[in-house]
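Take a look at the sequence and the fold below. We will walk through them one piece at a time.

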Amino acid sequence: MTEGAKLPVIFPPWLDRLQIKYMNPVVKPLAKYLPGTSTIKHRGRKSGKPYETVVTTYRKGNVLAVALGHGKADWVKNVLAAGEADVRLFRTELHLTNPRILPPGTAGKDLPLAVRLQNRKVAVLVTDIA
């Protein structure tokens, strides 16, 4: 997938703003207790500022996937630019490498069923667990 390519978005822009401003601050401290919810740690592409973003992750073996219902959000661009990130999955810290985007409809059997079903309509960020 090319760098500037637009990804399908299934959530309206107002929901993005609501989630960033109100929902994420509430969910972030609880993320380590909520099944499927993880906190991805990444750095700003230009500022280098550290960020933490709550995401829903799917793991199969040494692969971690995130369905991109919000399209290519800033955190996705940061992870792609850095080529790595860290994620807190439950109470385990994992280092992620080799991030790549699978366009809609291209996920293979190597990914969990839940993310393959979502990939019918949205792109998926796939990373290797180092």
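What follows is a short tour, from strands to core to salt bridges to surface.

Keep one thing in mind from the start: this is a predicted model. Every value below is computed from it.

Begin with strand β1, residues 37-43. Its neighbour is strand β2, residues 50-56. The two run antiparallel, and seven bridges join them. You can follow the pairing residue by residue. Ser-38 in β1 faces Val-55 in β2. Arg-43 stands opposite Pro-50. Six residues lie between the strands of this hairpin. One residue to find there is Gly-48, which takes a positive phi near 75°.

Strand β1 has another partner too. It pairs with β5, again in the antiparallel sense, over four bridges. Here Lys-41 has Asp-86 of β5 as its bridge partner. Is β1 buried or exposed as a whole? Five of its seven residues are buried, so β1 is largely enclosed by the rest of the structure.

Now turn to the nonpolar interior. The largest nonpolar core has 18 residues. Which of them touch the most other members? They are Ile-40, Leu-68, Trp-75 and Ile-101. Several elements give two or more residues to this core: β4 (63-67), α2 (74-82), β5 (84-89), β6 (92-102) and β7 (124-129). There is also another core, apart from this one. It has nine residues, among them Val-63, Ala-67, Val-122 and Val-126.

Zoom in on Ile-40. Set aside its neighbours within four places in sequence, and look at what else is in contact with it. From the stretch that includes β2 come Tyr-51, Glu-52, Thr-53 and Val-55. Trp-75 and Val-79 are also in contact with Ile-40. So are Ala-85, Asp-86 and Val-87. Leu-96 completes the list.

Next come the charged pairs. How many salt bridges does a search of the whole structure find? The count is four. Take Lys-41 and Glu-93. Their closest N and O atoms are 3.4 Å apart. Lys-41 sits in strand β1 and Glu-93 in strand β6, so this pair ties together parts that are 52 residues apart in sequence. Both residues are partly exposed: Lys-41 has 25% relative accessibility, and Glu-93 has 43%. The pair does not stand alone, for Lys-41, Arg-88 and Glu-93 are linked in a network of salt bridges.

Another salt bridge joins Asp-74 and Arg-45, at 3.9 Å from N to O. This pair also links distant parts of the chain. Asp-74 belongs to helix α2, while Arg-45 lies in the loop between β1 and β2, 29 residues away. Arg-45 is partly exposed, at 42% relative accessible area.

Then there is Arg-100 with Asp-128. Their side chains meet at 3.1 Å, N to O. Arg-100 lies in strand β6 and Asp-128 in strand β7, so the pair ties together parts 28 residues apart in sequence. Arg-100 has a relative accessible area of 28% and is partly exposed. Asp-128 is partly exposed as well, at 23%.

Asp-128 leads us to His-95. This histidine is found in strand β6. Along the chain, His-95 and Asp-128 are 33 residues apart, but their C-alpha atoms are separated by 8.5 Å. The two residues are in contact. Beyond its sequence neighbours within four places, His-95 also contacts Glu-84, Ala-85, Asp-86, Ile-129 and Ala-130. Is His-95 buried, exposed or in between? With a relative accessible area of 29%, His-95 counts as partly exposed, because buried means under 20% and exposed means over 50%.

Finish on the outside. Which residues make the nonpolar surface patch of about 440 Å²? Trp-14, Leu-18, Tyr-22 and Met-23 do. Met-23 is found in helix α1, residues 13-27. At 38% relative accessibility, Met-23 is partly exposed.

Technical notes:
Residues are numbered from 1 along each chain as its sequence is written. This is a predicted model: local features need pLDDT of at least 70, side-chain atom pairs count only at pLDDT 80 or more; totals for chains, interfaces and linings use all residues. Side-chain values use heavy atoms; hydrogens and water are left out. A nonpolar core is a set of buried Ala, Val, Leu, Ile, Met, Phe, Trp, Tyr and Cys residues joined through side-chain atoms within 4.5 Å. Buried means under 20% relative accessible area, exposed over 50%, partly exposed in between (1.4 Å probe, protein chains only). Contact means heavy atoms within 4.5 Å. Patches are made of residues with over 30% relative accessible area and no salt bridge: like charges are joined within 9 Å, nonpolar side chains (Val, Leu, Ile, Met, Phe, Trp, Tyr) within 5 Å. Accessible areas come from the Shrake-Rupley method with a 1.4 Å probe; for residues, only the protein chains shown count as cover. Two strands pair if DSSP finds at least two bridges between them.
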